Amino acid sequence: MSDTIAFTLNDRPVEATGISPAMTLLDWLRGPARLTGTKEGCAEGDCGACTVVFERLSSSGARICEPVNACLVMMGQVHGCAVRTVEGLRGRDGAPHPVQIALAEGDGTQCGYCTPGIVMSMYAFVAGGEPPEPTLLHDALAGNLCRCTGYRPIVDAMARVAGHAADAAPPPAAGSVTGNAVLMHGATRFDVPATMAGLLALRRDHPDAWLLAGGTDLGLLVSHDRQIPARVVHVARVPELQALVLEHGRLRIGAAVTYARLLPFLEGPLAPFGAMVRRLGSRQIRALGTIGGNIGTASPIGDTLPVLLALDASVRLRSAARGARLVGIDDFFTGYRKTVLAPDEIIEAVDFEVPLHGDIFQVDKVSKRRDQDISTVLGAYLLRVEGGIVRTVRLAFGGMAATPARALRVETALLGQAWTEATIERAAAMLGEDFQPLDDWRGSAAFRLTVAGNLLRRLYMRASRPDLVVEIDQL
Amino acid sequence: MTTALIGQPVSRVDGRQKVTGRATYAAEFEVPGLAHGAIVRSTIAHGRIASINSVAAERAAGVVAVLTHRNAPRLAYRPHKGAPDPDVGERLHMLQDDQVNHQGQPIALVIAETLEQANHAATLVRVSYTSETGTTDIERIEPVLPTQKNDQGQVRPPETRRGDPEGALAAAEVKVDYTYVIPRENHNPVEMHATIAAWDGDRLTLWDKTQWVHNVADEIAAVFGIPAENVRVVSPFVGGAFGSGLRTWPHVTLAALGARVARRPVKVMLSRREMYYGVGYRPHTVQRVALGASRDGRLAALLHDGYQETSTYEEFSEALLNASRFLHSCPNVYTRHRIARMNVHTPTYMRAPGEASGIFALESAIDELAVALGVDPVELRLRNEPEQDEFKRLPFSSRSTRECYRVAAERFGWSRRTAASRSMRDGRWLIGWGMATATYPMNYAPASAMARLLPDGTAEVRSASSDMGPGTWTSMTQVASDILGLPIERVKFTLGDTRLPRAPVHGGSMTMASVGSAVQAACRKAREDALTRGGANDVTEAMRRLGQPVEASVDVQPGDASQRFSMHAFGAVFAEVAVDPDLGETRVRRIVGAYGAGRIVNPKTARSQCIGGMIGGIGMALMEHSVVDGRNGRVPNANFAEYAVPVHADAPSLMDVIFVEEDDPHVNPLGVKGVGEIAIVGVAPAIANAIFHATGKRIRELPITPDKLL
């Protein structure tokens with residue numbers, strides 16, 4: 001047990017002591033560490049002003065630079081990591097890094113407050129060696145809000161340095177934490193179990209402890225609601241929870257796998273899922289957020305949940321007392337933010353069959369703003385059409401009810417019918433029997449029903465005339 | 001020799017500091033012995049505090065003091081009316097009584113050793129209220145005319161009339177008459193407001209986020225009953241503001257009060273959520289615009305009747321109707337401005353206050369008239385181009401609207417537009433092209449500056465202005481370098497400190513005109529002095545010979561030009577939108593803005609400001625909306641997750657800014673008009689007009705969200 005959090009900061013080993021392991025990295029940087037280059041703009045993971053970069057080497061020795069929002073990261077999560085802030089960014093000979101020069105000369109900074117966060121997002125992108133393609137540039141910058149510049153000068157500056165800016169920073173320290181870690185200070189105990197057995201024992205003995213995966217939702221309780229947890233169990237270092245396996249046509253995703261790690265697997269038949277994940281959160285969020293966290297939170301507008309419903313996923317739960325059990329996703333959600341998870345259980349993994357070529361699999365997210373907005377309606381659909389007849393169909397929606405839910409009546413209206421525009425029209429008319437959505441300021445009930453119907457029509461159009469459907473970012 | 005620097009696209013002199021994280025903002029100053037303050041806010045909109053129990057909070061770990069109206073020192077609150085303060089009414093007095101005037105009003109301040117301890121203890125303060133009836137629902141309020149005389153006794157006409165507008169409207173061959181609604185919007189600069197206060201005896205230092213250091217000093221001196229010169233305000237970097245830093249908000253007083261009681265420095269930083277309760281906002285407005293015209297498209301009548309929300313304790317008014325009185329030629333014009341007094345906190349100026357809102361209504365209505373007449377929207381405006389300011393009956397000092405329409409339309413390709421709505425497509429996407437006129441007054445206020453030349457050929461130039469992002473550091477350095485004939489790296493400009501010569505408020509697009517003219521004059525005076533005394537033709541040589549500093553301080557003030565001319569910047573904004581017919585999503589694909597804004601000191605920073613204004617206008621048109629719960633005044637979307645502002649992907653791939661050449665000798669010595677405000681004006685109506693063109697749906701209530709288009 002220790003109250004020392006040891007990590008690498010800007011290439012130097014540091015030990016943070018005398019602080020709560022539930023303190024956010026942002027508060028530590030701006031407070032005790034006096035590194036105020038990292039800015040606070042919302043403390044809720046929405047603005048990116050506090051972007052710092054986590055650096056590590058992959059198993060093949062490649063450098064991985066992931067931008068994260070420091071406001072969502074608890075200090076206990078930082079233990080054993082390598083973090084770079086704007087103060088630790090240099091180019092050759094100690095001069096500013098090329099991204100910094102490009103941003104300053106390109107007038108990509110006005111008031112300057114969002115600027116260090118943007119610099120760090122640019123650095124992560126450039127260091128990762130990605131090409132300066134417009135969609136990638138936008139994706140890399142999507143998590144950084146700016147109220148002054150109108151963004152164009154920032155994108156232009158990034159386009160100038162991306163792809164060829166030499167990476168002058170030394171590789172990150174190799175050190176990483178192995179074995180269980182227990183961090184303790186004041187009222188908070190922060191466990192980092194390294195084995196499944198350790199995790200299950202903690203879960204059994206302390207069912208009220210916060211289970212922390214990435215912290216994109218839970219972190220808000222600390223940074224926004226200013227809660228002080230008594231006990232946090234950080235699950236991310238349990239190997240089984242990091243499993244990511246594609247075999248026999250099924251994809252198994254460990255509960256602590258981040259969206260960033262998952263994305264390369266969401267290609268081919270799963271590409272519509274991948275496209276939605278890119279809109280669900282910025283790179284800063286995707287580097288932290290996990291699919292297990294999304295399932296466990298069970299929000300009616302959790303964006304991956306309708307997709308898992310459409311894919312007929314299984315959730316693998318595990319407890320010390322009863323071992324593993326499989327629960328079909330249809331049976332997993334029991335009410336508003338309620339699930340079948342027992343107090344001593346954890347979510348181990350989720351898995352599903354990858355759609356076959358020829359299956360119709362689509363995901364649509366409707367929100368007021370294209371990027372990183374809470375969904376008004378999210379639809380996910382998987383159909384198999386053989387000989388012009390709908391043989392299997394699963395249609396799921398978020399934002400239409402208290403839980404993510406399937407449109408069972410609509411499915412019935414489609415099943416065994418000819419795959420035609422008329423069938424879709426008849427089926428869409430049934431939506432009102434499946435759902436009685438609520439009015440809120442994100443969208444009226446009428447709008448939700450109308451848009452869900454249009455999504456079904458669009459599903460048909462995509463399958464029959466794909467050239468007609470052009471997404472907003474392809475315009 | 002140096003070349004002329006005014007007019008050059010100079011890179012920001014503070015750019016390196018900003019990209020390296022070395023620029024220091026208000027909350028980041030290192031002050032020894034600092035304690036942290038957390039504000040407890042009311043959870044009702046109107047009533048009295050029946051009881052407040054702070055025992056548990058006082059006993060919590062690390063707590064230094066808990067201040068409420070029961071134990072806070074009585075404060076002087078001498079009368080003080082700064083230029084950004086409303087004409088009528090009095091600011092809320094902090095912790096001086098049990099009255100609650102709005103949701104989220106500060107009712108206690110907890111001071112503790114750490115921020116975590118202060119925030120935790122703040123949750124332990126127990127409050128009960130006696131609620132009183134009131135309302136926060138603008139739809140249930142009958143607007144009233146504002147008080148006729150302001151607090152200084154001057155009469156403010158809430159109504160203007162020329163000709164016979166009602167008669168002309170009734171007789172008009174073609175008319176449109178609609179109501180336009182804009183909800184409350186918040187400035188939401190990325191930096192939250194923060195203040196660090198430190199007393200030394202009767203002297204106070206404030207590190208504050210503000211657009212006007214001297215006004216903060218004046219107000220806090222009045223609140224505490226001390227001489228203004230005892231208050232020093234330091235604010236070198238401001239992380240955006242757009243008007244939120246014009247007034248001195250309650251947390252500044254609370255920081256100073258907390259520091260006085262705690263006898264040590266205290267920092268108070270608002271959370272993002274508190275930004276929706278602790279500083280002002282662009283008020284909700286409701287505007288009726290009625291236009292009458294002859295069949296050939298000559299305006300015969302214009303009636304613009306608008307009201308806006310304000311608090312019960314201050315009458316905030318913005319220039320909602322001003323542009324309608326002179327922007328287009330019309331013989332019969334009526335305007336009326338009213339207010340809706342509610343149990344909310346007082347709104348304030350937000351980027352292009354008045355014009356951004358008023359011109360949304362006016363330019364939407366003009367577009368509706370163009371559709372009713374079957375006349376091209378640009379052509380309709382050209383037919384009603386005035387020869388002079390018909391309200392003031394003065395000539396314009398310069399007015400480049402015709403040129404703005406011409407160059408922007410040409411760049412945009414307007415001639416290829418087909419008139420009918422829903423007539424342009426890109427695949428299934430509905431394409432629409434719309435435009436609007438923009439204007440913003442040229443403001444010029446008294447300002448002072450000091451220039452000090454040193455024997456080593458460098459110069460220090462000072463004025464207590466601010467730079468919330470437009471590039472004041474840079475443009476002032478340019479002006480000084482240009483006048484002094486010194487390379488830009490040899491001139492150091494300093495701002496943001498009350499120890500420097502007094503500058504006007506950094507708002508209303510007046511900084512370049514006012515502070516720029518003062519810097520120009522101070523540098524001219526210092527240069528002439530140096531050249532005369534040093535007996536040389538250039539400053540560097542003269543200073544070398546002199547061997548001692550030369551200093552010049554200058555105060556400038558506007559002459560009588562405003563009595564002889566109507567002075568405004570003008571512009572034209574063209575937008576292309578694509579609307580998805582299935583989902584109602586709108587994408588702004590292109591924006592072109594042309595502006596006649598006088599001389600442009602730095603085209604690089606000015607262009608950036610205009611692009612920033614355009615994206616602000618996209619936010620206003622399509623997403624921004626502070627939802628106000630009509631039952632209790634709460635703002636349920638008081639965060640960046642649910643108050644949507646544009647993100648990178650919302651920036652159109654083409655944002656084109658054109659500055660029309662303008663040589664205006666009347667406005668001010670530098671010949672500048674300012675671009676910060678006009679950059680957002682006209683964007684929202686251009687987009688709304690484009691959406692009508694795309695879809696045939698006229699949306700008269702912002703923001704234009706997908707649900708309104710299905």
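This is a selection-by-selection tour of a predicted model, moving from the domains of chain A to the strands of chain B.

**Domains of chain A**

Colour chain A by its domain assignment: domain 1 covers 4-161, domain 2 covers 181-234 and domain 3 covers 241-464. Then show domain 1 and domain 3 of chain A together. Their C-alpha centres are 32 Å apart. At the contact between these two domains of chain A, 19 residues of domain 1 meet 12 residues of domain 3. About 1,100 Å² is buried between domain 1 and domain 3 of chain A, with 49% of that area on carbon and sulfur atoms.

**Helix α10 of chain A**

Select residues 271-280 of chain A, which form helix α10; 7 of its 10 residues are buried, so this helix is mostly covered. The buried positions in α10(A) are P272(A), F273(A), G274(A), M276(A), V277(A), R279(A) and L280(A).

**E471(A)**

Move to E471(A), in the segment that follows α18 (445-464) of chain A. Is E471(A) buried or exposed? Its relative accessibility is 17%, and because the cut-off for buried is under 20%, E471(A) counts as buried. Show the side chains around E471(A). The side chain of E471(A) has a polar contact of 2.6 Å with that of R462(A) and another of 3.2 Å with that of R370(A). Leaving aside residues up to four places away in sequence, E471(A) touches D364(A), R370(A), R458(A), R462(A) and, from chain B, W429(B).

**Nonpolar cores**

Next, select L206(B), V519(B) and I687(B). These residues have the most contacts inside the largest nonpolar core, which has 213 residues. A second, separate core has 52 residues, including A255(A), V257(A), L262(A) and I291(A). Return to L206(B) and show its surroundings: beyond four places in sequence, L206(B) touches a set of residues including T195(B), I196(B), V216(B), I220(B), V231(B), V233(B), V252(B) and A256(B). Among the other residues that L206(B) touches is R232(B).

**A three-strand sheet in chain B**

Select β5, β2 and β7 of chain B. They make an open sheet of 3 strands in the order β5-β2-β7, with antiparallel pairing. Why do β5 (99-100) and β7 (126-131) of chain B each have one side without a neighbour in the sheet? Both stand at the edges with a single partner strand, so one side of each is left without a neighbour. Between β2 (residues 47-53) of chain B and β7(B), the antiparallel pairing runs over 6 bridges. To find the register, pick S51(B), which is opposite S128(B) in β7(B).

**Strand β25 of chain B and its partners**

Now select residues 586-596 of chain B, strand β25, where 11 of 11 residues are buried. Strand β24 (residues 568-579) of chain B pairs with β25(B) in the antiparallel sense over 10 bridges. One marker for this pairing is F570(B), whose bridge partner in β25(B) is G596(B). The two strands β24(B) and β25(B) form a hairpin with 6 residues between them, and G584(B) in the turn has a positive phi of about 75°. Add β26 (residues 654-659) of chain B: β25(B) and β26(B) pair in the parallel sense over 6 bridges. Here G593(B) has V657(B) of β26(B) as its bridge partner.

**D560(B)**

End at D560(B), in the loop between β23 (550-556) and α13 (561-564) of chain B. With 40% relative accessibility, D560(B) counts as partly exposed. Its side chain makes a polar contact of 3.3 Å with the side chain of R564(B). Finally, add H666(B): D560(B) and H666(B) are 106 residues apart in sequence and 9.6 Å apart in space, C-alpha to C-alpha.

Notes:
Residues numbered from 1 in each chain as written. Chains lettered and ligands numbered in written order. Predicted model: local features only at pLDDT ≥ 70, side-chain atom pairs only at ≥ 80, totals over all residues. Heavy atoms only, no water. Pairing = 2+ DSSP bridges. Helix = DSSP H or I, 4+ residues; strand = E, 2+ residues; numbered from the N terminus. Core = buried A, V, L, I, M, F, W, Y, C linked by side-chain atoms within 4.5 Å. Buried < 20%, exposed > 50% of the residue type's maximum accessible area, 1.4 Å probe, protein only. Contact = heavy atoms within 4.5 Å. Polar contact = N/O pair within 3.5 Å; in protein donor to acceptor, adjacent residues only side chain to side chain. Domains from an automatic or database assignment. Buried area = accessible area lost by both parts, 1.4 Å probe.
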